[in-house]
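Biologist: Before we discuss details, could you put the sequence and the model on the screen, so that we can go through the strands, the salt bridges and the surface one by one?

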Amino acid sequence: MCLGVPAVITEVHDAARATVEIGGVARMISTDLLIDENLTAGDWVLVHVGFAMSKIDEEEARLSLQQIKQLGGDAYEDELESFSSSQIN
């Protein structure tokens, strides 16, 4: 299953790349799709296959993470595994 996962930006490298963290896993992602959002450290984004798809607020991030965990089974762990093994260069 591939879901959009909320992640917090920990570092903005340039207009097209940022490092985000979720569940203790940090990864560089593409922010090309949100170039006009003026992203900064501490912002939350919805990440799908290594791309920030949308900027979200912290409450929406919390609710989304809660819903992913409520899917049951290994949905959350599967997403973390997928997230940890992805890489944007």
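Modeller: One definition is needed at the outset: a residue is called buried when its relative accessible area is under 20%, exposed when over 50%, and partly exposed in between. Please also keep in mind that this is a predicted model.

Biologist: With that definition, which class does Glu59 belong to at 41% relative accessibility?

Modeller: The relative accessibility of Glu59 is 41%, and the class in between runs from the buried limit of 20% to the exposed limit of 50%. Glu59 therefore counts as partly exposed.

Biologist: With which residue does Glu59 form a salt bridge?

Modeller: The partner lies, like Glu59 itself, in helix H1 (residues 58-70), three residues away, which is about one turn of the helix. At 44% relative accessibility this partner also counts as partly exposed. The closest N and O atoms of the pair are 2.7 Å apart, and the residue that Glu59 meets is Arg62.

Biologist: How many salt bridges does the structure hold?

Modeller: Besides the pair Glu59 and Arg62 in helix H1, the side chains of Asp32 and Arg17 meet at 3.6 Å, N to O. That pair links distant parts of the chain, with Asp32 in the loop between S3 and S4 and Arg17 in strand S2, 15 residues apart. The side chains of Lys55 and Asp43 also meet in a salt bridge, and the total for the structure is three.

Biologist: Is Asp43 buried or exposed?

Modeller: Asp43 sits in the loop between S3 and S4, and its salt-bridge partner Lys55 is in strand S5, twelve residues apart from it. Lys55 has a relative accessible area of 37% and is therefore partly exposed. For Asp43 the relative accessibility is 15%, and since the limit is under 20%, Asp43 counts as buried.

Biologist: Turning to the strands, which residue in S2 is the bridge partner of Ile9?

Modeller: Strand S1 (residues 5-14) and strand S2 (residues 17-22) pair in the antiparallel sense over five bridges, and they form a hairpin with two residues between them. Within this pairing, the partner of Ile9 in S2 is Val20.

Biologist: And which residue in S4 stands opposite Val8?

Modeller: Strand S1 is also joined to strand S4 (residues 44-48), by four bridges, and these two strands run antiparallel. In S4, the residue that stands opposite Val8 is Trp44.

Biologist: How far apart in space, C-alpha to C-alpha, are Gly42 and Thr10?

Modeller: Gly42 lies in the loop between strand S3 (25-30) and S4, and with 46% relative accessibility it counts as partly exposed. Leaving aside its neighbours within four places in sequence, Gly42 is in contact with Val8 and Ile9. Although Gly42 and Thr10 are 32 residues apart in sequence, their C-alpha atoms are separated in space by 6.2 Å.

Biologist: Finally, what accessible area do Leu33, Val49, Phe51 and Met53 have together?

Modeller: These four residues form a nonpolar patch on the surface. One of them, Phe51, lies in strand S5 (residues 51-56), and at 33% relative accessibility Phe51 counts as partly exposed, which fits the requirement of over 30% for residues in a patch. Taken together, the accessible area of Leu33, Val49, Phe51 and Met53 is about 380 Å².

Definitions and conventions:
Residues are numbered from 1 along each chain as its sequence is written. This is a predicted model: local features need pLDDT of at least 70, side-chain atom pairs count only at pLDDT 80 or more; totals for chains, interfaces and linings use all residues. Side-chain values use heavy atoms; hydrogens and water are left out. Patches are made of residues with over 30% relative accessible area and no salt bridge: like charges are joined within 9 Å, nonpolar side chains (Val, Leu, Ile, Met, Phe, Trp, Tyr) within 5 Å. Accessible areas come from the Shrake-Rupley method with a 1.4 Å probe; for residues, only the protein chains shown count as cover. Buried means under 20% relative accessible area, exposed over 50%, partly exposed in between (1.4 Å probe, protein chains only). Two strands pair if DSSP finds at least two bridges between them. Contact means heavy atoms within 4.5 Å.
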